[in-house]
Amino acid sequence: MKTMNYVFSALLLVSTFIFIGCDEDDEEGVSPVEAFFSSSTANAEIGQEIQFTSLKNENVVSWEWTFEGGTPASSTEQNPTVTYSQWGVYGVTLIVKSDDSEDILEVGNHITIGEVVFADFSADNTTINAGESVNYTSTPNANVTSFAWTFEGGTPATSTDQNPPSVVYDTAGVYTTTLVATGASGESITIEKTEYITVNPILFVDATFQADTATSIDETETVTFSIVDDTNVDTYLWTFPGGTPGTSSDPNPTITYNTPGLHDVTLQVNSSNDSDVVTETDFVDVTDIFFVDATFTADITSVVVGNTVTFTVTDATDIANYNWSFPGGTPATSNAASPTITYNTVGTYDASLTASSSNDVDTATNTNYITVTAGGGPTTVLDESFETDGNGTRYTASAEFSDGFGDFFGRTNLNTTADDAGDQPVGTLYSLNGLDGSFCYAGMDLDGDGQAATQTLLFDDLNIAGLTGLELNIMVAEDDDGATNQDWDANTLLFVEVDIDNSGSFTKVLQWASQGATNTEPGLDTDFDGIADSTPLTDTFQNFMANIAGTGLTIDIRITFERQDAGDEDAAIDKIVLTGN
């Protein structure tokens, strides 16, 4: 708590009443009076008015005052006012009279006339930081002629100036300031203000910073920054010329640099009473990225076999190297800026480009971009006569087997012994006519050798891209064992299904069935109701044709031999051809 103590060494400047009088025995028959008075002060300055007052006035008819050294020197007033023009100590006399009596009161050294001094002071700032200064201003009266200051904790520690400037406080704490003001007569007053100056410690900060990631970067990359010592730091102000964002108040900002070149970084940090700024020149080195775009186009995307396509990048800016890839094309790769490619095979093909500069790479792939068709006549998609073993490559069989006695499924040349890879022997009585070559694909008594009564043959992912008007031809025969073709039961079938673009759903396009009863003649089932209603099957291969609706990129063809599970239930297929325009 700050307090002010004022100490007066000589004069008390308050209104003081001095009561002075005498006590005498009254004489009988006489009207007694008594001299008794007061003064407003017993200590005064030169020229200061002092009020004298007669206090016992009963029976008093006159007053005779004498003022040693005063003005006036005498007075007959009951309550006169007097001033003094010289320093000193003076007596006062009062005579009071009645009609028949009087009384005298003499008081020596009653009035002291001296020099009154008074002063106060203030500071321009009473709460400062260590190392700062305070300017003091005194407010003395006219009698003060000298000043003696004491500054606890300050530099200088003392001063005789009336208004001492720039008293520096270097050490945190709470300090007292004292002023002794003295007049010419030696009278003085002491003003002491305790705990007057509060000096706060300096919360020093250091703006030295570092990068937590590499500072040599490529364009569009980032740098993360942090201060080395965050002691006392309250606020941050980062400045990043060439960076995004350009400023930040985060302690650990991450900045993106999109502008090549050398860039300064500046950090200003603040505490409640300190600040520091550090600038690192050319701190971040950003390398220019020569960005490339591999987007490309072709002058034509649908061509006839044997024709060419020219490819061109959309924007060649900064591209130093080209790496083209052309599946199905000739050449299949190129490093030319704008290559011309020949396509000799029907199909649909991707094209891709990897373009690079000295420090950037981009790749673009156009999927199913180039469509190659056969042109003038129909395009043959499939032509299978089973002259070589194609199981697992050109087609997939559910199973291939033969017991050598008439139970078999697979590629066969109708001999009773295996004469070729994948050749399944048949029984001695099994014979067919009109094969397209030496082999066909046949099955008989499918469950006779422990196999399933239904077997399939699948042609998978045949390329029909760009083709329409698909037409399927297949040769079919059935060994009648020399009888009257009465071999199939009601549930015995042979059918062909297709699935375009792997939809997961197969559609029947051809089917052969019995007459709907046991041991009846098989034939074409045009309405797919399980009963033959058209061309009968014989032991001589006949060609059957189906038009396939729709088009797409690929087609699957599945041929199913269903429930051919008796000793004389069989079917054979050959020369399967799929064409399109």
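## Reading an all-strand model

User: Let's start with a sheet. In what order do the five strands of the mixed open sheet sit?
Analyst: The general idea is that strands of a sheet pair through backbone hydrogen bonds, either parallel or antiparallel. In this predicted model, the order is β23-β30-β29-β25-β27, and the pairing is mixed. β23 (216-218) and β27 (247-248) are the edge strands; each has a single partner strand, so one side of each lacks a neighbour in the sheet.

User: How do I read one pairing inside it? Take β25 and β27: parallel or antiparallel?
Analyst: Antiparallel, with two bridges between β25 (residues 235-239) and β27. For a concrete spot, look at Trp-238, whose bridge partner in β27 is Ser-248.

User: And which strands make up the open sheet of four?
Analyst: That one runs β22-β24-β28-β26, with antiparallel pairing. β22 (209-211) and β26 (243-244) are the edges here, each pairing on one side only. Inside, β24 (residues 222-227) and β28 (residues 254-257) run antiparallel and are joined by three bridges; Thr-222 faces Thr-256 of β28 across the pairing.

User: What should I look for in an aromatic pair, say Phe-225 and Trp-238?
Analyst: Check the distance between ring centres and the angle between planes. For Phe-225 and Trp-238 the centres are 5.9 Å apart and the planes sit at 45°, so this is a tilted pair. Phe-225 belongs to β24 and Trp-238 to β25, so the pair ties together parts 13 residues apart in sequence. Both residues are buried. The chain has 34 aromatic pairs by the rule used, and one aromatic cluster is made of Phe-386, Tyr-395, Phe-409, Tyr-441, Phe-459 and Phe-561.

User: Phe-386 caught my eye in that cluster. What is odd about its phi?
Analyst: Phi is positive, about 60°, although Phe-386 is not a glycine. It sits in the loop between β40 and β41 (396-397). Its relative accessibility is 0%, so Phe-386 counts as buried.

User: Where is Lys-575, and what is its phi?
Analyst: Lys-575 is in strand β52, and its phi is near 45°, again positive in a residue other than glycine. With 24% relative accessibility, Lys-575 counts as partly exposed.

User: While we're on backbone quirks, which peptide bond leading into Pro-245 do we have, cis or trans?
Analyst: Cis: the bond from Thr-244 to Pro-245 has omega near 0°. Pro-245 lies in the loop between β26 and β27. The bond from Thr-330 to Pro-331 is cis too, with omega near -5°, and Pro-331 lies in the loop between β35 (329-330) and β36 (333-334).

User: How does one strand get partners in both senses? I'm thinking of β11.
Analyst: Side by side, each partner can have its own direction. β4 (residues 43-45) pairs with β11 (residues 102-114) in the parallel sense over three bridges, with Asn-43 opposite Thr-112. β10 (residues 88-97) pairs with β11 in the antiparallel sense over nine bridges, and there Leu-94 has Leu-105 as its bridge partner. β10 and β11 form a hairpin with four residues between them.

User: Now the packing. Which residues are the hubs of the largest nonpolar core?
Analyst: That core has 41 residues, and those touching the most other members are Phe-459, Ile-474, Trp-512, Ile-557, Ile-559, Ile-573 and Leu-578. Several strands each supply at least two core residues, among them β40 (379-384), β45 (455-463), β51 (554-562) and β52 (570-580). Setting aside residues up to four places away in sequence, Leu-578 touches residues including Thr-379, Leu-382, Leu-462, Leu-472 and Ile-557. Apart from this core lies another, of 23 residues, including Ile-128 and Ile-191.

User: What does Thr-373 touch, and is it buried or exposed?
Analyst: Thr-373 lies in β39 (residues 361-373). Its relative accessibility is 16%, so Thr-373 counts as buried. Not counting residues up to four places away in sequence, Thr-373 touches Val-303, Val-304, Val-305, Val-346 and Gly-466.

User: Last one: how do I read the chain as a whole?
Analyst: Start with the tally: zero helices and 52 strands. The radius of gyration is 64 Å, well over the 25 Å the globule rule gives for 581 residues, so the chain is more spread out than a compact globule. The C-alpha trace spans about 195 × 60 × 40 Å along its principal axes. Of the 581 residues, 43% count as buried. Among contacts between residues at least 6 apart in sequence, 62% join residues at least 24 apart.

How values were computed
Residues are numbered from 1 along each chain as its sequence is written. This is a predicted model: local features need pLDDT of at least 70, side-chain atom pairs count only at pLDDT 80 or more; totals for chains, interfaces and linings use all residues. Side-chain values use heavy atoms; hydrogens and water are left out. A nonpolar core is a set of buried Ala, Val, Leu, Ile, Met, Phe, Trp, Tyr and Cys residues joined through side-chain atoms within 4.5 Å. Buried means under 20% relative accessible area, exposed over 50%, partly exposed in between (1.4 Å probe, protein chains only). Contact means heavy atoms within 4.5 Å. Two strands pair if DSSP finds at least two bridges between them. The radius of gyration is taken over C-alpha atoms; the globule rule is 2.2 Å times the number of residues to the power 0.38. Rings of Phe, Tyr and Trp (its six-membered ring) pair if their centres lie within 6.5 Å; planes under 30 degrees apart count as stacked, over 60 as edge-to-face and the rest as tilted.
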